[in-house]
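Student: I would like a close look at the aromatic side chains of this model, with the geometry and the surroundings of the ring pairs set out carefully. Could you take me through that part in one connected account?

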Amino acid sequence: MGYIPQSRFSKPEGSVYIPLIPLVALSFSSAFLVRALTLIKFPSVINLAHLGIIPLVCFLALRKARVKNRTQIKITYHLLIAILLFLWVNFCSALLNDAGIINAVMNFLFFGEHFLFLLTLICIPLTAEKFYTLRAFLVGCAALNTLFAYAQHYVFQLHHKPGLEDNIKGVFVGGGAGHVVGASVALTFGIYYCVDAQKIPLWARVLVMALTFWHMNMADAKQVLLSLGMAGGCLLLTKFNNLLEAIKFVIGGALLGSGFWWCMQNLEAFRAFNTWMRPEIYGPNGEATLLKTAAIRIVSGYHTDWWHPWLGIGPGHSVGRLGGWMLAAYESLLSPLGSTVHPASQETWVAAGQSWLGDQSSMFSPFFGWAGIWGDVGWLGLFAFLYIWWVVWKYLCFDDLSRFLLFCPLMFGLIFTQMEEPGYMVYVATLIGLRWQQHHLIQQGILPPPTVTFQEQRSHPKQKKTWRDRIRTILLGD
């Protein structure tokens, strides 16, 4: 059965109408914009509001969205099953390891709430107008983030205060890794805009890309560029069945890499990237290798029962974001709910403090996403988590851009806890979801295919546009 526009849905007698699109925007804002509220003295506990809002909106969407399209129903079903499987593993691990139920819930949400948000985006039917509204909102939030960063650097000059460049955080103020999250969102948006806004002139898209790249450089978030580069490498590996495409990627990557290497050696603004260029700290006995793998050795030392390799030492008990610092930061709130801690987390902090590389860069941190999943919920949890990503890859990643967006957080998971940062992960999920919705609406004939270029538009007779139309064209390329 084909797509049925939302305007054709009839409201059952006595039912309560729930506007899902504003709720989607609200749940996105609860993860993306809420930290900015701390600037006007909101209590820090508001930073956890997304943990309740996003699951609630997802539940309402699943209950109220009247989707008749079989493709949407099929994808919703598979994604929901994969998410519930990961939730089940978290509860099994908590039960066997005497971890608090609140640990299991929060660990699941840290690693899985962006999938709930993606599920929400996929299961709701969109009209063309609602799609454009959501995309405009997304572009506006990304622009606001980068605008904040430029103001923090050039107007308030926060990089001269204690913390140096780490103070350039965009809208993610108040977070210890806010500069990395803000730069990740900015550069990811720059790449998305450069590829997606095909009706905008190339020079304008490149300018947006350059502005977001400079945001990353101002924030001194070097690992962002490394992660995105590794994501590009993973995308290249998918191209070897097409020799011409592979050659294009290799040549493009070589040119970009060579240009960036020259900048590192000759431009002061790029000198900080040389922090990693010390061969002596790598290798089997290098300080970087020993520090990065410290968590694996420490957690393995607590594998005393048969289930520990399979189900870990308990949610929030190892080196994820929850065990690393969230349980301590919100102890007054979580402890009455039965939260539990484990000595493995503190021992890893001690190991990081004893290493001279511990405060050099988060690149060398023993607290990183993949180690956190394996430590908390073991190999079964790791497989369940990868299964969710496999479902996203199979059903939602239909082109190179969406595949690249999927690889980005997977590469971030090798460096730090970016896979658990709600602002970044919900943003990536939104890009993937809207990209799929656009493809889906084009297939249904609701949206026009993005084949008309800017130059072709100029050759057609000009139609009178309102100021809203001009802003939409600048921001969205419509």
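Tutor: A residue counts as buried when its relative accessible area is under 20%, as exposed when that area is over 50%, and as partly exposed in between. The model is a predicted one, and by this cut-off Phe28, with a relative accessible area of 3%, is buried, whereas Phe137, with a relative accessible area of 29%, is partly exposed. For the chain as a whole, 51% of the 478 residues count as buried.

These two phenylalanines belong to the set of 25 aromatic pairs that a search of the whole structure finds. A pair of aromatic rings is described by the distance of the centres and the angle of the planes. For Phe28 and Phe137 the centres are 5.7 Å apart and the angle between the planes is 70°, an arrangement that is edge-to-face. Because Phe28 sits in helix 1 (residues 20-32) and Phe137 in helix 5 (residues 128-155), their pair ties together parts that lie 109 residues apart in sequence. As background to that link, 78% of the contacts in the chain with a separation of 6 or more are between residues 24 or more positions apart, and the chain contains 20 helices and zero strands.

A second pair, formed by Tyr387 and Trp390, is stacked, with 5.9 Å from centre to centre and 15° between the planes. Both of these residues lie in helix 16 (residues 369-396), where they are three residues apart, about one turn of the helix. Tyr387 counts as partly exposed, at 30% relative accessibility, and Trp390 also counts as partly exposed, at 42%.

Beyond these pairs, there is a cluster in which ring pairs link Phe86, Phe108, Phe111, Phe115, Trp370, Phe385 and Trp389.

For the setting further along the chain, one may turn to helix 17 (residues 400-412) and helix 18 (residues 422-443), whose axes come within 9 Å and cross at roughly 160°. An angle over 145 degrees counts as roughly antiparallel, and the two helices are therefore roughly antiparallel to each other. Helix 17 passes helix 18 in a left-handed crossing. The contact between them involves aromatic residues too, including Phe412 of helix 17 and Tyr424 of helix 18, and among its other members are Leu405 and Pro409 of helix 17 and Val428 and Arg435 of helix 18. Taken by class, the residues of this contact comprise 11 nonpolar, one polar and one charged.

How values were computed: Residues numbered from 1 in each chain as written. Predicted model: local features only at pLDDT ≥ 70, side-chain atom pairs only at ≥ 80, totals over all residues. Heavy atoms only, no water. Axes fitted to C-alpha atoms, helices over the stretch in contact; angles between N-to-C directions. Helix = DSSP H or I, 4+ residues; strand = E, 2+ residues; numbered from the N terminus. Parallel < 35°, antiparallel > 145°, perpendicular 65-115°, else oblique. Left-handed = near helix turned anticlockwise from the far one by under 90°. Contact = heavy atoms within 4.5 Å. Nonpolar A, V, L, I, M, F, W, Y, C, P; charged D, E, K, R; others polar. Phe/Tyr/Trp six-rings, centres within 6.5 Å; stacked < 30°, edge-to-face > 60°. Buried < 20%, exposed > 50% of the residue type's maximum accessible area, 1.4 Å probe, protein only.
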